[in-house]
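Below is a short set of comments for a colleague who intends to look at the ligand sites and the packing in detail. Please read the points alongside the sequence and the structure.

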Amino acid sequence: MSFDNQENSKEKLGAGRAKMRVFGVGGAGCNIVDSLARIGLTGVEFYAVNTDACALEECNVPNKVLLASRVRRGLGAGGEPELGWAAAEKDSAELKKLFEGIDVAVISAGLGGGTGTGAAPVLARLAKESGALALCIAVLPFDCEGARRQRQAIMGLQQLKLVSDGVICLKNQRLVSVVDENTTLAATFDVSNKWIAECAYGVWRLLTRNGLMNVDFGDLYTVLQGRNTESFFSFAETHGPNRAEEIGERLLKNPLVENGGLFNDAEHALVSIAGGQGMTLLEVRRTVESIQAVAPNANIKVGAAIDKDLSDGLEVTVIASRRSAAPANENATPQTQEEMDKPDGFYSAPESFDPELLSRQTTNRPRPRVLPPPPELSEDRLNEFAQPKQHSRLLGRSQKQRTHQGQLPLEIVSKGRFEKSEPTIFRGEDLDLPTYIRKGALFN
Amino acid sequence: MFESKQDIVGLEIGTSKICAVVGRLNAEGALNIVGIGQSTSSGVRKGEVVDLELVERDVRLAISEAERMSDTEVRSVYLGVSGNHINGFNNRGVHTIVSADRQITGEDMDDVVKNAKAINLSADDHLIHAIRQHYSVDGQEGIPNPDGMMGTRLEVDIHVVHGRKNQLRNAVNVVRNLQLDVESIAFNGLASALALLSYEQKELGTVVLDIGAGTVDYVVYANGAVKHTGVLGVGGDHVSNDLAIGLKMPLGQAEKLKVTHGSAYPGEGDNERKTTLPGTPGLPPRTVNIGKLKQIMNLRLEETFQIIAQQLNDEGVLDYLRAGVVISGGSSRIPRIKDMVERIFQMPVIKAVPQSLGGASSVLMQPEFSTGIGLVRFGAQQRRRRGYEGVAIGRSLKNKILGLLRGDSGRSVA
Ligand SMILES: Nc1ncnc2c1ncn2[C@@H]1O[C@H](COP(=O)(O)OP(=O)(O)OP(=O)(O)O)[C@@H](O)[C@H]1O
Ligand SMILES: Nc1nc2c(ncn2[C@@H]2O[C@H](COP(=O)(O)OP(=O)(O)O)[C@@H](O)[C@H]2O)c(=O)[nH]1
Ligand SMILES: [Mg+2]
Ligand SMILES: [Mg+2]
């Protein structure tokens with residue numbers, strides 16, 4: 001976000017009447033908005049955006065947008081970010097209308113799949129083009145989902161960071177320690193979605209409620225900006241007379257912050273405190289002190305508000321960030337299979353690059369000079385791209401060839417990915433055809 | 001705005017990813033990697049640009065990310081190239097020493113190299129590298145520097161890497177469309193070798209196999225010089241594509257299965273092992289036999305390495321590989337691939353990641369980045385050379401690229 005925008009945001013939000021819309025993109029994104037809609041944020045409108053019609057159907061959100069419905073016919077993006085991207089680009093004119101007159105667009109997505117990874121950056125870009133602030137909430141896949149998905153997720157995250165004003169990130173993997181092994185995936189996702197909803201709720205409260213101490217989007221931006229920052233969050237709720245004494249411990253116990261460990265090298269933290277009518281300044285101070293104690297190097301901003309509904313309750317959300325640390329053993333060359341195949345290696349790659357380089361930067365790092373302009377694609381290409389892959393069509397054609405031309409069985413096999421490229425020929429053999437077919441390997 | 005003439009940017013337009021690496025020479029002339037940008041590549045097949053628009057979009061993303069990270073403005077790049085169309089061969093130049101005292105001068109050395117470079121490439125071909133190997137004086141082989149020696153007949157061996165103009169032009173055009181200069185193009189395999197091999201490995205003799213998504217780029221070093229180069233247009237994409245066809249599933253799913261469950265060899269009991277893929281809209285859940293999956297991979301990989309071993313054997317370079325094989329590139333992550341290459345080549349095999357440069361954190365030490373980092377090293381070497389050979393060479397490098405675009409025959413060499 002440019003600095004003008006930031007100024008704007010202060011004006012817009014200062015009045016406490018910021019117009020906010022929350023978008024969920026893709027499967028995970030829609031589930032997250034679903035959870036948020038259940039909490040219900042006054043004055044906030046929720047939108048579920050997906051290429052997958054079935055998933056959209058199941059989502060309990062009032063406004064639903066099916067992307068590229070004509071060309072993809074609601075079939076989803078098959079885990080291909082390009083498809084999600086093309087689908088959103090295709091409908092960009094209509095999507096853009098959703099951001100008209102909006103001050104803050106919160107865009108949530110699970111990265112690593114097709115729709116969220118491909119389409120969320122497009123939405124963020126459109127939001128910014130419409131003058132809204134784009135805040136993203138991204139979920140990263142479990143380690144066990146594989147390196148490819150991790151890599152897709154990382155690239156998606158990088159693109160999101162490039163086009164939006166801030167990204168709050170949750171690694172699904174952090175949940176592993178909380179849920180027991182036998183929990184179903186769906187239930188694990190549920191837990192994760194509730195946490196994210198809590199976080200978004202904290203942000204919303206922070207930005208919209210006037211209170212004892214105000215913070216604004218600019219402060220949030222300070223925490224989340226920067227390509228190499230890793231953000232994390234925690235929240236907790238306590239009740240009764242000891243609520244301020246207990247809250248610190250609760251916040252740290254949260255596995256999302258690795259039991260407080262992550263706070264250790266936090267550089268920025270934004271603390272949102274809400275309490276019932278009786279909340280005292282002392283309680284606010286206690287809360288902040290408990291965070292200071294574990295995050296000694298952090299620049300801490302505090303927002304506090306009274307919420308009548310909370311009566312004797314105290315709710316605190318902390319959003320913090322640190323510069324990603326480079327892995328410790330600089331000189332060790334990973335040689336073993338295990339080391340090299342660890343998806344975590346992928347994960348930390350672009351995120352934790354070159355801490356030195358950034359250290360001379362001030363907190364108000366200017367936005368990049370080169371924002372990638374929206375990719376331009378012709379209508380035809382978009383259609384072609386967004387078309388469901390028709391494997392059956394290829395088969396159909398090959399069968400025809402067989403009957404008409406009586407070709408060798410070898411030649412009727414689809415070349416799949418290499419259909420359109422010049423064949424790789426070695427000693428007369430077309431190496432693009434599967435080896436197992438050319439070698440006549442038979443499988444049961 | 002920070003912008004430094006010292007920045008050296010390597011750009012790999014790979015089949016699966018595009019990667020821009022920014023290197024910076026510090027005051028002492030040491031090279032630091034200060035930024036890297038990546039994007040998923042969607043318009044490249046088997047190392048060749050097949051969709052200019054898509055590649056342009058992807059390159060833009062990678063470059064702007066690298067710019068952001070390194071806080072610099074990228075003006076020019078060292079562009080890596082690959083593809084089946086690239087070939088290497090050795091050539092010899094001869095020059096007779098005519099001076100009365102028969103002492104070999106620098107001029108003689110230039111002349112003999114010039115003769116060696118006078119190659120009749122086809123009109124569709126462009127010369128990418130002409131790399132000096134060794135001189136010989138009056139039949140005495142293997143002389144690294146004959147300056148000042150006495151003799152009548154000076155010869156030089158060079159290794160020539162060339163590729164098809166059209167394909168090279170596509171890659172160069174993508175970059176130029178983004179208002180970036182191409183300082184020089186370099187064969188990806190050579191770049192990887194620069195990032196991976198130690199002095200000893202080059203001296204003893206090593207082959208580098210960069211096993212990517214679309215190609216295997218290979219380079220043989222022996223006695224400190226490039227002995228052979230080549231490209232086989234087969235890579236990780238072929239493995240995934242075989243799986244997609246053999247297991248009847250979409251390519252994306254096959255790619256994922258390959259990464260999560262793949263291996264170069266089936267293991268014990270794999271035939272009884274199954275993995276269940278969740279259903280997607282339109283596709284019911286299904287099970288895949290792990291044994292079959294690995295069998296399909298095994299056949300493809302075995303064939304690929306056998307072809308390469310055969311080609312190296314045909315070139316007569318296998319005997320030079322006293323330090324064995326170095327594998328890198330994303331597909332070198334396939335479990336047990338090292339065992340396979342060891343078995344086929346009957347030599348020690350090392351899985352390698354780019355050697356760390358000053359300032360580079362170990363996150364760069366991924367097999368996927370060999371080419372990108374190597375391109376920066378290549379750029380640095382070119383700069384140093386240009387440094388003492390004067391500006392003229394710099395200009396001629398540029399002319400070479402311009403010539404490539406205009407379609408001049410690729411016979412002029414830097
Ligand atoms: N763990 C893994 N198991 C199997 N294959 C993997 C794994 N990780 C990456 N790959 C494969 O590595 C390939 C990508 O490698 P790399 O980034 O070196 O290729 P590239 O530079 O894009 O392609 P090229 O150089 O051939 O044009 C993909 O085919 C991918 O499937
Ligand atoms: N926290 C959370 N993560 C999810 C959920 N569903 C999917 N994910 C994660 O999000 C990633 C992307 O999946 P998904 O959103 O279904 O893909 P898309 O619909 O193509 O964007 C997956 O790799 C999962 O790790 C969910 O409900 N909650
Ligand atoms: Mg998603
Ligand atoms: Mg490569």
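**Notes on the ligand sites, the cores and one buried side chain**

1. Ligand 1 is surrounded by 20 residues, of which Thr15(B), Ser16(B), Gly214(B), Glu255(B) and Lys258(B) come nearest. Please keep in mind throughout that this is a predicted model, and that every distance and area quoted here is therefore computed from predicted coordinates.

2. The polar contacts of ligand 1 involve both side-chain and backbone atoms of chain B. An N or O atom in the side chain of Lys17(B) is 2.8 Å from an oxygen atom of ligand 1, while backbone N or O atoms approach oxygen atoms of the ligand at 2.7 Å in the case of Gly214(B) and at 3.2 Å in the case of Ser331(B). Ligand 1 taken alone exposes 650 Å², and the protein buries 98% of that area.

3. As to where the shell around ligand 1 comes from, helix 6 (236-246) and helix 7 (251-261) of chain B each supply at least two of its residues, and helix 7 of chain B provides the largest share, with 3 residues. Sorted by class, the shell around ligand 1 holds 3 nonpolar, 10 polar and 7 charged residues.

4. Turning to the other site, ligand 2 has 18 residues around it, and those that come nearest are Gly116(A), Glu145(A), Arg149(A), Ser192(A) and Asn193(A). An oxygen atom of ligand 2 is 2.5 Å from an N or O atom in the side chain of Arg149(A), an oxygen atom of the ligand is 2.8 Å from a polar backbone atom of Thr115(A), and a nitrogen atom of the ligand is 3.1 Å from an N or O atom in the side chain of Asn172(A). Of the 570 Å² that ligand 2 exposes when taken alone, the protein buries 89%.

5. The shell around ligand 2 draws at least two residues from each of helix 2 (26-39), helix 7 (115-129) and helix 9 (185-208) of chain A, with helix 2 of chain A giving the most, namely 4 residues. This shell divides into 5 nonpolar, 11 polar and 2 charged residues.

6. Helix 6 of chain B also contains Asn241(B), and I would ask whether this residue is buried or exposed. Asn241(B) counts as buried because its relative accessible area is 2%, which falls under the 20% cut-off. A polar atom of its side chain lies 3.2 Å from the backbone nitrogen of Arg417(A). Apart from neighbours within four places in sequence, Asn241(B) is in contact with Lys415(A), Gly416(A), Arg417(A), Phe418(A), Asp432(A) and Leu251(B).

7. In soluble globular proteins, nonpolar side chains tend to be buried together. Here, the largest nonpolar core has 63 residues, and Leu11(B), Ile13(B), Val59(B) and Leu79(B) touch the most other members. Not counting residues up to four places away in sequence, Ile13(B) touches Ile18(B), Val44(B), Val49(B), Val55(B), Val59(B), Leu79(B), Ala171(B) and Val175(B). A second, separate core of 44 residues includes Met297(B), Leu299(B), Val341(B) and Phe345(B).

8. For chain A overall, the secondary structure comes to 18 helices and 12 strands, and buried residues make up 58% of its 444 residues. Among contacts in chain A with a separation of 6 or more, 76% join residues 24 or more positions apart. Chain A exposes about 19,300 Å², of which carbon and sulfur atoms supply 50%.

Technical notes. Residues numbered from 1 in each chain as written. Chains lettered and ligands numbered in written order. Predicted model: local features only at pLDDT ≥ 70, side-chain atom pairs only at ≥ 80, totals over all residues. Heavy atoms only, no water. Near = heavy atom within 4 Å. Polar contact = N/O pair within 3.5 Å; in protein donor to acceptor, adjacent residues only side chain to side chain. Areas by Shrake-Rupley, 256 points an atom, 1.4 Å probe, with all protein chains shown as cover. Nonpolar A, V, L, I, M, F, W, Y, C, P; charged D, E, K, R; others polar. Core = buried A, V, L, I, M, F, W, Y, C linked by side-chain atoms within 4.5 Å. Buried < 20%, exposed > 50% of the residue type's maximum accessible area, 1.4 Å probe, protein only. Contact = heavy atoms within 4.5 Å.
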